[in-house]
Amino acid sequence: MSAGRDDALLRVDGLKTYFPVRGGVLLTAKSQCKAVDDVSLHIGQAETLGLVGESGCGKSTLGKTLVRLIKPTEGNILFDGVDIGRLSERQLKPHRRQIQMIFQDPADSLNSRHTIGNILEEPFIIHGIGDSAERSRKVADLLDIVGLPAAAAERFPFEFSGGQRQRIGIARAIALNPKLVICDEPVSALDVSIQSQILNLLLDLQERLGLSYLFIAHDLAVVKHVSDRIAIMYLGRIMETGGADEVYERPKHPYTRALISAIPEPVPGGRRQRQILEGDVPSPIDPPSGCPFQTRCPHAEPQCREQRPALRPVRAKTGEEHEVACHFDL
Amino acid sequence: MSAADPTPLLSVKDLVVEFSTRYGPVRAVDNVSFDIYPNETVGIVGESGCGKTVTGLTLLRLIPSPPGRIVQGSITFQGKDLTRLSEKQMQALRGAEISMIFQEPMTALNPVFTVGNQMIDILRRHKGLTRSQARQEAIAMLDRVGIPVPKKRIDEYPHQLSGGMRQRVMIAMALSCDPKLLVADEPTTALDVTTQAQVMEQIVKLQDEFDMSMILVTHDLGVVAESCDRAIVMYCGSIIETAAIGDLFERPRHPYTKGLLQSIPRIREEKLAQLPIIPGMVPDLLHLPDGCRFADRCSRVTDECRRAKPPLETDPLTGRGVACYHPVP
């Protein structure tokens, strides 16, 4: 499944997204918040890369940078061979339709004053596609694909439940036949019984339309279910990446291990022996020296405080790629 | 645990809670009965709008009234019917005998007072301590819930604490007067998994130390499986199944419970092409069907299900109950 780094649809190299932290009377930049700090990853054709991390790790900023809602500070975003990280807004426009995004809260991301028909027609208007009749036909097709009745086009977002709104968000994202869809916590706001319906829809669309996904979530169980490969993010950096089963079954990074061990499983029989992390995630404005995880790591050595470990390949059982940013072989 | 002790600490009978809305009354809790025994942890599980939170709030008489109203039923706690107490009597009980912790500690804590101020208030009110005694007690409590440097943290404001710390402060406040019953409403839902694991571990440990019963209101079946002795599953305001944890997860009897358990992606299992789903969605509480509320989504539905709502039939020996005409064998 996993395409090589070189023939990938999306290849990100050394991506950094920093935000200025302003303070004082004149609101001058005092320091920087390193939301995304030197991230490299790749996604192949029709492949899903799951991006997992806890709040504030930079996963959503990374997603927004990839669709260029945020301009990267440094690094390359090679999409289909073009570095979209450096293009101007005007140059970017033809590429925009190729990468779309689905947001966590479908109530916030749909304009409450527009009908569903208007919302779904807008991408076609912006990109000058078809006349009015053709656009209505396309809107009807989209509603059908995501499992909503054609009559939905006349109605407003508040008339729909959370799951249905997320279907509308998905319809909007696939309207222009994109190659890559960034799914930012697409099911986190939904109930369990609705969550599985939306996950199935995303998997079904991937198969029918050959979509690639970057699936961003904090729930490792959901991510593992939909992803071919996963990347674990902590304080703006990728700590571990590899095939979904490989990373889950043979996690090499102490953070990945803690994350897996913390998931409450719907299996009775008391709590398992669990590795509980001490303390809280440090601030990305003032990250620790060396390894970002050293302040909470049960295996930390003096070396971890001095030297930042780079992602390095480890030998995977299945011969798949598997990389970890840790000095030690655990 | 439960069956061994014959006298329940809390006994809820035929509870009905309604909210008046522009479109007519909405029955958020519909004829709910259950018992909580000493030292027991019971999970109330269900999806948004099933009435689990309103049930929890009603136990402390915290539903806003109007629009909310207890239409019928009794809540017997240590021999007293809480539905008949005056507001003043309830105030004496809340925080002292029954405590509650909420999902979002930032909104539950007062942002303009320090942690210490808020804790000292409770201790002085319920335990009649002096300010300095209360402060010592508050510091000791913060230490017990695992807050590092409690002497310093006590003078901080809620915004200076992380999410996990704030939830610990909430727990310290809730437990400071040694309650008999803790109602925890989604206590870890707003937290990250690693923090959730820390906080749940702490709650379970403290429950043991404080010798209290706990009602854990949550949508997360994983949290329930790991922390509860028994669970109550709610759907559209009614209890549809209740069972000991092992039974519920290994042999769910209500088709809804079964569907819910199947639709969770399990991390241990292989990637499936499609997850099993429950089709459709929860009916609107304003337009509930006549019969079983799950009928339109159920694979085992018959005409009987649409005629009358199935009652919760409880086996007196095992305490296991299911509200279904055609339960899963």
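Let me begin with A:Lys30, which is found in strand S2 of chain A, residues 28-43, where strands (E, at least two residues) and helices (H or I, at least four) are DSSP runs numbered from the N terminus. A:Lys30 is exposed, at a relative accessible area of 58%; exposed means over 50%, buried means under 20%, and partly exposed is in between, with a 1.4 Å probe and protein chains only. Ten residues away in sequence is A:Pro20, and the two C-alpha atoms are 7.3 Å apart in space. If we leave aside neighbours within four places in sequence, A:Lys30 is in contact, meaning heavy atoms within 4.5 Å, with A:Val21, A:Arg22, A:Gly23 and A:Gly24.

I should say at once that this is a predicted model, in which local features need pLDDT of at least 70 and side-chain atom pairs count only at pLDDT 80 or more, while totals for chains, interfaces and linings use all residues. Residues are numbered from 1 along each chain as its sequence is written, chains are lettered from A and ligands numbered from 1 in the order in which they are written, and side-chain values use heavy atoms, with hydrogens and water left out.

For contrast with that lysine, take A:Thr48, which lies in strand S3 of chain A, residues 48-52, and is buried, with a relative accessible area of 1%. Its side chain joins that of A:Gln206 in a polar contact of 2.9 Å, a polar contact being a pair of N or O atoms within 3.5 Å; within protein, one must be able to donate a hydrogen and the other to accept it, and residues adjacent in sequence count only if both atoms are side-chain atoms. Beyond four places in sequence, the residues in contact with A:Thr48 include A:Tyr213, A:Phe215 and A:Val226.

A:Phe215 brings us to the nonpolar cores, each a set of buried Ala, Val, Leu, Ile, Met, Phe, Trp, Tyr and Cys residues joined through side-chain atoms within 4.5 Å. The largest has 65 residues, and those touching the most other members are A:Leu143, A:Ile170, A:Phe215, A:Leu220, A:Tyr255 and A:Phe293. Helix H7 of chain A, residues 192-209, gives the most to this core, with seven residues. Not counting residues up to four places away, A:Leu220 touches A:Val52, A:Ile230, A:Ile232, A:Ile260 and A:Ile263, and also B:Ile267. Another core, of 63 residues, lies apart from it, and B:Val145, B:Met173, B:Ala225 and B:Ile245 are among its members.

What, then, do chain B and chain A bury between them? The figure is about 4,000 Å², 53% of it on carbon and sulfur atoms, where buried area is the accessible area (1.4 Å probe) that two parts lose on being put together, summed over both. The contact takes 46 residues from chain B and 45 residues from chain A. Across this interface the rule finds eleven residue pairs in polar contact, both residues at pLDDT 80 or more, but zero salt bridges, a salt bridge being a side-chain nitrogen of Lys or Arg within 4 Å of a carboxyl oxygen of Asp or Glu. On the side of chain B that touches chain A, H8(B) gives the most, with eight residues.

Over all chains, a search of the whole structure finds 33 salt bridges. One of them joins the side chains of A:Glu185 and A:Lys59, at 3.7 Å from N to O, and this pair links distant parts of the chain, 126 residues apart, with A:Glu185 in the loop between strand S7 (180-184) and H7, and A:Lys59 in helix H1 of chain A. Both A:Glu185 and A:Lys59 are buried. In chain B, the side chains of B:Arg293 and B:Asp30 meet in a salt bridge of 3.2 Å, N to O, and these residues are 263 apart in the chain. B:Arg293 counts as buried at 14% relative accessibility, and B:Asp30 counts as buried at 8%.

Last, some backbone details. B:Ser65 and B:Pro66 are joined by a cis peptide bond with omega about -10°, and a cis peptide bond also joins B:Pro66 and B:Pro67, with omega about 10°. B:Pro66 is found in the loop between helix H1 (52-59) and strand S4 (68-77) of chain B. In chain A, A:Arg68 has a positive phi, near 60°, in a residue other than glycine, and A:Arg68 counts as buried, at 5% relative accessibility.
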